[in-house]
Amino acid sequence: MFASLPWSYWLGIALVVWLIYDLISGSSYLWRAYRRSEEPTKYWLTLLLWSLVAVSCFVFPYWTIT
């Protein structure tokens, strides 16, 4: 069952795991590390960006089918 998932789903799952890790650790990385305690706005914007990329991994297969 899991072997039949599209590769983009696997990438999306990996990005969601990474987001959960970033939420727990309080640090996220885009071009450089952003810490929630030092730069909260940049940290949350970085998480938002990675979240949008993760969501696009799950939406992408439906765009190619239709």
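**Figure 1. Two helices and two strands make up the secondary structure of the chain.** The model shown is predicted. Read from the N terminus, the order of the elements is α-β-β-α. Helix 1 covers residues 7–25 and helix 2 covers residues 40–65. Of the 66 residues in the chain, 26% are buried. Among contacts with a separation of 6 or more, 44% join residues that lie 24 or more positions apart. The chain has an accessible surface of about 5000 Å², and carbon and sulfur atoms contribute 74% of that area.

**Figure 2. Eight residues form the largest nonpolar core of the chain.** The members are Leu 15, Leu 19, Tyr 34, Tyr 43, Leu 47, Trp 50, Ala 54 and Cys 57. Helix 1 (7–25) and helix 2 (40–65) are the elements that each supply two or more of these residues. Helix 2 gives the largest share, with five residues. In soluble globular proteins, nonpolar side chains tend to be buried together.

**Figure 3. Leu 15 touches four residues beyond its sequence neighbours.** With residues up to four places away in sequence left out, the contacts of Leu 15 are Trp 50, Val 53, Ala 54 and Cys 57. Trp 50, Ala 54 and Cys 57 also belong to the largest nonpolar core, as does Leu 15 itself. Val 53 is not listed among the eight residues of that core.

**Figure 4. Arg 32 and Glu 39 are joined by a salt bridge between their side chains.** The N to O distance in this pair is 2.9 Å. Arg 32 has a relative accessibility of 39%, so this residue counts as partly exposed. Glu 39 has a relative accessible area of 21%; because buried means under 20%, Glu 39 is classed as partly exposed. Side chains of opposite charge can pair when their charged atoms come close.

**Figure 5. Glu 39 also forms a salt bridge with Lys 42.** The closest N and O atoms of Glu 39 and Lys 42 are 3.7 Å apart. This pair counts as a salt bridge because the cut-off between nitrogen and carboxyl oxygen is 4 Å. Lys 42 is partly exposed, at a relative accessible area of 42%.

**Figure 6. Salt bridges link Arg 32, Glu 39 and Lys 42 in a network.** The structure holds two salt bridges. Glu 39 takes part in both, with Arg 32 as one partner and Lys 42 as the other.

Note on methods
Residues are numbered from 1 along each chain as its sequence is written. This is a predicted model: local features need pLDDT of at least 70, side-chain atom pairs count only at pLDDT 80 or more; totals for chains, interfaces and linings use all residues. Side-chain values use heavy atoms; hydrogens and water are left out. Helices (H or I, at least four residues) and strands (E, at least two) are DSSP runs, numbered from the N terminus. Buried means under 20% relative accessible area, exposed over 50%, partly exposed in between (1.4 Å probe, protein chains only). Contact means heavy atoms within 4.5 Å. Accessible areas come from the Shrake-Rupley method with a 1.4 Å probe; for residues, only the protein chains shown count as cover. A nonpolar core is a set of buried Ala, Val, Leu, Ile, Met, Phe, Trp, Tyr and Cys residues joined through side-chain atoms within 4.5 Å.
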